[in-house]
Amino acid sequence: TLSKDEWKYLFNTRTMVNDGDRYENLTELGITVEGVTFNGVVLFPDDFTEQTTWKEYTTWKALNDAGLVFLPATGCRIGKEVISVGDFGRYWSSTASDEWGCAYSVFFRRPMPMPEPEPMPDVTPDAPVSSNSGFSVRLITKCQ
């Protein structure tokens with residue numbers, strides 16, 4: 001599982017070719033793959049240059065072959081109930097945030113207007129939260 005710093009790197013600090021986008025939040029419009037529309041976030045590879053045409057990939061194989069990583073908006077589990085599937089996603093990091101059973105997670109949601117002066121961002125790669133919540137896990141392996 002990615003650490004808090006690895007999530008922050010993916011979403012906020014890595015250098016992209018041609019100053020392209022690092023990701024696209026699809027929690028509002030979704031992406032249609034193999035005839036089904038999914039909400040979530042897609043992460044682009046560092047050398048990706050097809051930010052305007054990538055949605056033409058209509059199969060999971062084509063997305064994978066292009067190096068795109070899709071994080072579905074899975075909602076979360078509170079007690080025995082799963083809520084807000086399609087509206088937001090929350091993925092655990094491997095980094096604890098304090099001694100009280102909290103950990104960091106990446107959080108993304110549908111864009112929504114928020115009152116000024118401090119609107120909540122649509123993607124937060126280092127949100128601390130109680131570790132007794134039920135969030136998704138994105139497993140990874142190091143590239144050789």
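Which strand is V106 found in? Select V106 in your viewer and you will land in β9, the strand that covers residues 102–109. Before going further, keep in mind that this is a predicted model.

**Stop one: V106**

Show V106 with its surroundings. V106 has a relative accessible area of 0%, so this residue is buried, the cut-off being under 20%. Now display the residues in contact with V106, leaving aside neighbours within four places in sequence: W7, F11, G89, R90, Y91, T124 and P125. Next, add D126 and draw a C-alpha to C-alpha distance from V106: the two are 5.5 Å apart in space, with their positions 20 residues apart in sequence.

**Stop two: S93**

From β9, move over to strand β8, residues 88–96, and pick out S93. Is S93 buried or exposed? With a relative accessible area of 9%, S93 is buried. Turn on the polar atoms here, as the side chain of S93 has two partners to look at. One is the backbone nitrogen of T95, which the S93 side chain reaches at 3.1 Å. The other is the backbone oxygen of Y104, 2.9 Å from a polar atom of the S93 side chain.

Now widen the selection around S93. Beyond the neighbours within four places in sequence, S93 is in contact with T1, L2, S3, K4 and W7, as well as Y104 and S105. You have met W7 already, in the contact list of V106.

**Stop three: the second largest pocket**

For a change of scene, select V42, W60, L63, N64, G67, L68, V69, F70, P72 and R138, which line the second largest pocket. Its volume is about 170 Å³. Colour the secondary structure and look for α2 (60–65) and β5 (69–72), each of which supplies at least two residues of the lining. If you colour by residue class instead, you should find seven nonpolar residues, two polar and one charged in this lining.

**Last stop: the whole protein**

Zoom out and switch to cartoon view. How many helices and strands does the protein have? There are two helices and 10 strands, and tracing along the sequence gives the pattern α-β-β-β-β-α-β-β-β-β-β-β. With a surface display on, you are looking at about 8,800 Å² of exposed area, 53% of it supplied by carbon and sulfur atoms. Of the 144 residues, 36% count as buried. Finally, a contact map is worth opening: among contacts between residues at least 6 apart in sequence, 54% join residues at least 24 apart.

Definitions and conventions
Residues numbered from 1 in each chain as written. Predicted model: local features only at pLDDT ≥ 70, side-chain atom pairs only at ≥ 80, totals over all residues. Heavy atoms only, no water. Helix = DSSP H or I, 4+ residues; strand = E, 2+ residues; numbered from the N terminus. Buried < 20%, exposed > 50% of the residue type's maximum accessible area, 1.4 Å probe, protein only. Polar contact = N/O pair within 3.5 Å; in protein donor to acceptor, adjacent residues only side chain to side chain. Contact = heavy atoms within 4.5 Å. Areas by Shrake-Rupley, 256 points an atom, 1.4 Å probe, with all protein chains shown as cover. 1 Å grid on protein atoms, 1.4 Å probe; cavity = no way out; pocket = protein on both sides within 12 Å on 5 of 7 lines; lining within 4 Å. Points joined across faces, edges and corners; volume = space filled by probe spheres on them. Nonpolar A, V, L, I, M, F, W, Y, C, P; charged D, E, K, R; others polar.
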